[in-house]
Amino acid sequence: MKFKKKALLAIILGISMLGFAGCSNAPAETTEEPAAQEEPAAPDQVGGVSLENPILVDKEAKTVTVLTQVNGKYFTEVTRHASVFKDGTNGAKSVFTAYADPVAFYDALVEIGAEPGNNMTVDNGATTHVEGTALDMKVTWNGAEKEYDVNEVIKDSNGKQIAFKFGGNLEMAKNKNTGCLSCLDSCPVGIISNSAYTYGSVEKTSEVTFMGNGDVLPEDGTYIATVYSIAE
């Protein structure tokens, strides 16, 4: 009998303990959902441009942004081309390979208020400096510390500043199909070009050489945004 009473008391005590546990005010444990993380930008999305939308005009800021890729070949080789449309005949000959064609680029510059000089021809090129609205060119990429001026990312062997002007040359650009957006000496074909040198200063007279600055630019093939604006 004593044994049965002890067993009965143990059962009653266990039920009582369960009751106390059920009445506890301690909050129930919850599992927190992990914070949602933003999807990283696709490699081709930078500065508001992408493969789907390779050129962006901002009338208020007076800027034209073009999707471009770094061509690491010209970290060690000389070129007279800063930026060329990828499907032009010179598409593989520039520091930057552009995804916007010369006509779209020309129209975009006109849209922000730039005026073409249209003073260059093949005949006068060797003695003529390009005219037209002065333009700044900067580049940036995902993870870049800032927008870099063209003179930080392209090296002039003489240490001169690259001074782009809106040469225009729309009909020549269409006829020649070189794809040239920005040339590094005054050019009768490129939409903009460098007024610091006359046509042929790189390839004919070897007055200057230009190369991309591999110490600043990201690796070959990196998508970047090239930003053009009217110089102040």
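# Exercises: salt bridges and cysteines

E111 and K59 form a salt bridge, and their closest N and O atoms lie 3.8 Å apart. This is a predicted model, where local features need pLDDT of at least 70 and side-chain atom pairs count only at pLDDT 80 or more, while totals for chains, interfaces and linings use all residues. Residues are numbered from 1 along each chain as its sequence is written, and side-chain values use heavy atoms, leaving out hydrogens and water.

**Exercise 1.** Find where E111 and K59 sit in the chain.

*Solution.* Start with the rule: a salt bridge is a side-chain nitrogen of Lys or Arg within 4 Å of a carboxyl oxygen of Asp or Glu. The E111–K59 distance is 3.8 Å. Next, place the partners: E111 belongs to helix α2 (residues 102-111), and K59 to the loop between β1 (55-58) and β2 (63-70). Helices (H or I, at least four residues) and strands (E, at least two) are DSSP runs, numbered from the N terminus. The two residues are 52 positions apart, so the pair links distant parts of the chain.

**Exercise 2.** Decide whether E111 and K59 are buried, partly exposed or exposed.

*Solution.* Recall the cut-offs: buried means under 20% relative accessible area, exposed over 50%, and partly exposed in between (1.4 Å probe, protein chains only). E111 has 41%, so E111 is partly exposed. K59 has 54%, so K59 is exposed.

**Exercise 3.** Look at two further salt bridges, D87 with K86 and E152 with K146.

*Solution.* Begin with the total: a search of the whole structure finds five salt bridges. In the D87–K86 bridge, the N to O distance is 3.2 Å. K86 is partly exposed, at 36%. For E152 and K146, the closest N and O atoms are 2.9 Å apart. E152 is partly exposed at 30%, and K146 is partly exposed at 39%.

**Exercise 4.** Explain why the sulfur atoms of C183 and C187 are not bonded.

*Solution.* First, the idea: a disulfide is a covalent bond between the sulfur atoms of two cysteines. Here the sulfur atoms must be within 2.5 Å. The structure holds zero disulfides. C180 is in none, as its nearest cysteine sulfur, in C183, is 4.2 Å away. For C183, the closest cysteine sulfur is in C187 at 3.7 Å, which is too far for a bond. Finally, check burial: C180 is buried at 3% relative accessible area, and C183 is buried at 0%.
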